[in-house]
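Hi,

Here is the structure I said I would pass on. Have a look at it first, and then read my notes underneath.

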Amino acid sequence: MSDTLTITDNRTGETYEVPIFYGTYPEYGAAVNTKDLRAIKATDDDFGMLSYDPGFTNTASCKSSVTFIDGGAGVLRYRGYPIEVLVEKSSYLETAYLALYGELPTSGQLETWVHEITHHTFLHENLKKLMDGFRHDAHPMGMLISMVAALSTFYPESRNIGDAACRERQIYRLIAKVPTIAAFAYRHSIGLPYVYPDNDLSYAGNFLAMMNKVSELKYEPDPVIEKVLDVLFILHVDHEQNCSANAMRSVGSSHADPYVSVAAAAAALYGPLHGGANEMVLRMLREIRTVDNIPGYIKRVKAGEFRLMGFGHRVYKSYDPRARILREMAPAVFEATAQNPLIDIAVELERIALEDEYFVSRNLYPNVDFYSGIIYQALGFPVTMFPVLFAIPRTAGWLAQWSEMLQDPDQRIARPRQVYEGYDLRAYVDIADRA
Ligand code: ACO
């Protein structure tokens, strides 16, 4: 037995031997380097064999040590620690540190880390003017993406991506300032004055204060809501090579600064097939309106009219562990807040879908977005803030992926190939002669 793949090219009868390499788990990460396929040629002047994989459904774009997902078993781990354990024992900032530095912090490291994040939360005053330029009905996600990109112009030294200390400073700034931008975007949309960060509060507590403070001298976050938000943040730290992480790595691979790279990742997250899905889930549940309408709605999904939002996942082919944690947390949330009537529709919709052959045969289970929107709404966040609430904690994951990419000697500028299907060389047609 040998760790190689033997490929026979039936066009030429030639045989090629390609080495196989493995990640931590041989059963989840056996791979060949597709560059080895370039040796396979029909003629000497052939370019060589490419691999065709739209949407990267079977392509590993990197080696990574940040997040492990076993989509069949519903497992999610950051740096080897199960998500359930981190939710039970860690805070969001501790988890963000773990994702970025690879180890849980000692108490001294955690203290320094929390101090650095807490003391980088303020924005340059000019950014407020930029925010004021948006229309009152601008989507907060559009504002977040633009404002994060604008940070690049305030910290031009961030282009120095080869300097580890400089990279670290931008990481503090981004994790610290994204919640401030997010809250300012919300306050702008409802016409309330911006609330400056409160350094006495936790990461989640400060965000709640910047969102909700009115005239009280000191905003005291509800401890249950603060804890639930922190858990939601932990669940969203990273999710390996998804669309937005791939955007972060792809833009970062050109050595663009981390602000514009995070803005690009946030833009990828905004789409309804990715982080925009929880907003779509709420719209869907509202449209269904009553439990009685569920069978009719499912019929239309099966007829291909539209997708069941919050269902299905590229990687999870069983229950998304984040969705399970949220489903279990929901009763405690509704005890602390008002009951969200949409939960009854969601639970019944899930029950019916999970018994239906269409969903069972395609391994379509609820993903994190199925329940996160209902919980965000119960916590008092408007629907348009949902993708923003996803982007806040995911900033740590994007930066972990970015740091790893920059330090990986295998990585080069992301530049895929194509299989050209267009015309061969043609003679130019003058405008008078065109049909
Ligand atoms: N509702 C109905 N059918 C679905 C759904 C759905 N939500 N998702 C997939 N399918 C069907 C497809 O129609 C397809 O059926 P077919 O084989 O008969 O053509 C089959 O299941 C496989 O679907 P793909 O599109 O190939 O799966 P892919 O891995 O490309 O897509 C995705 C994954 C985009 C998440 C998809 O399941 C989807 O659109 N879900 C709804 C949006 C959503 O909830 N997104 C959030 C993802 S989690 C996150 O980003 C945080």
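Below is what I found on helix packing and on the ligand site. Keep in mind that this is a predicted model.

Let me start with α4, since it turns up in two of the packing pairs. Helix α4 covers residues 107-118 and packs against α7, residues 164-190, at an angle of about 65°, with the two axes 8 Å apart. The cut-off for roughly perpendicular is 65 to 115 degrees, so α4 counts as roughly perpendicular to α7. The crossing of this pair is right-handed. On the α4 side the contact comes from W113, E116 and I117, and on the α7 side from I171, Y172, I175 and A176. Sorted by class, that contact has 6 nonpolar residues, no polar ones and 1 charged.

The other partner of α4 is α3, residues 92-101. Here the axes come within 10 Å and cross at roughly 100°, which makes α3 roughly perpendicular to α4 as well. From α3, the residues involved are L93, E94, A96, Y97, L100 and Y101, and they meet Q109, L110, W113, V114 and I117 of α4. The split for this contact is 9 nonpolar, 1 polar and 1 charged. If you want somewhere to centre the view, try W113 and I117: both take part in the contact with α7 and also in the one with α3.

Further along the chain there is a pair made of α6 (residues 140-154) and α18 (residues 386-406), whose axes come within 8 Å and cross at roughly 35°. P140, M141 and L144 of α6 touch P387, V388 and A391 of α18. That contact is made up of 6 nonpolar residues, with no polar and no charged ones.

Now the ligand. Which residues are closest to the ligand? They are R307, L308, G310, F311 and R314, out of 19 that surround it. The backbone is involved in several places. L308 has a backbone N or O atom 2.7 Å from a nitrogen atom of the ligand, and for L273 the corresponding distance to a ligand nitrogen is 3.2 Å. G310 places a polar backbone atom 2.8 Å from an oxygen atom of the ligand.

Cheers

Methods: Residues numbered from 1 in each chain as written. Predicted model: local features only at pLDDT ≥ 70, side-chain atom pairs only at ≥ 80, totals over all residues. Heavy atoms only, no water. Axes fitted to C-alpha atoms, helices over the stretch in contact; angles between N-to-C directions. Helix = DSSP H or I, 4+ residues; strand = E, 2+ residues; numbered from the N terminus. Parallel < 35°, antiparallel > 145°, perpendicular 65-115°, else oblique. Left-handed = near helix turned anticlockwise from the far one by under 90°. Contact = heavy atoms within 4.5 Å. Nonpolar A, V, L, I, M, F, W, Y, C, P; charged D, E, K, R; others polar. Near = heavy atom within 4 Å. Polar contact = N/O pair within 3.5 Å; in protein donor to acceptor, adjacent residues only side chain to side chain.
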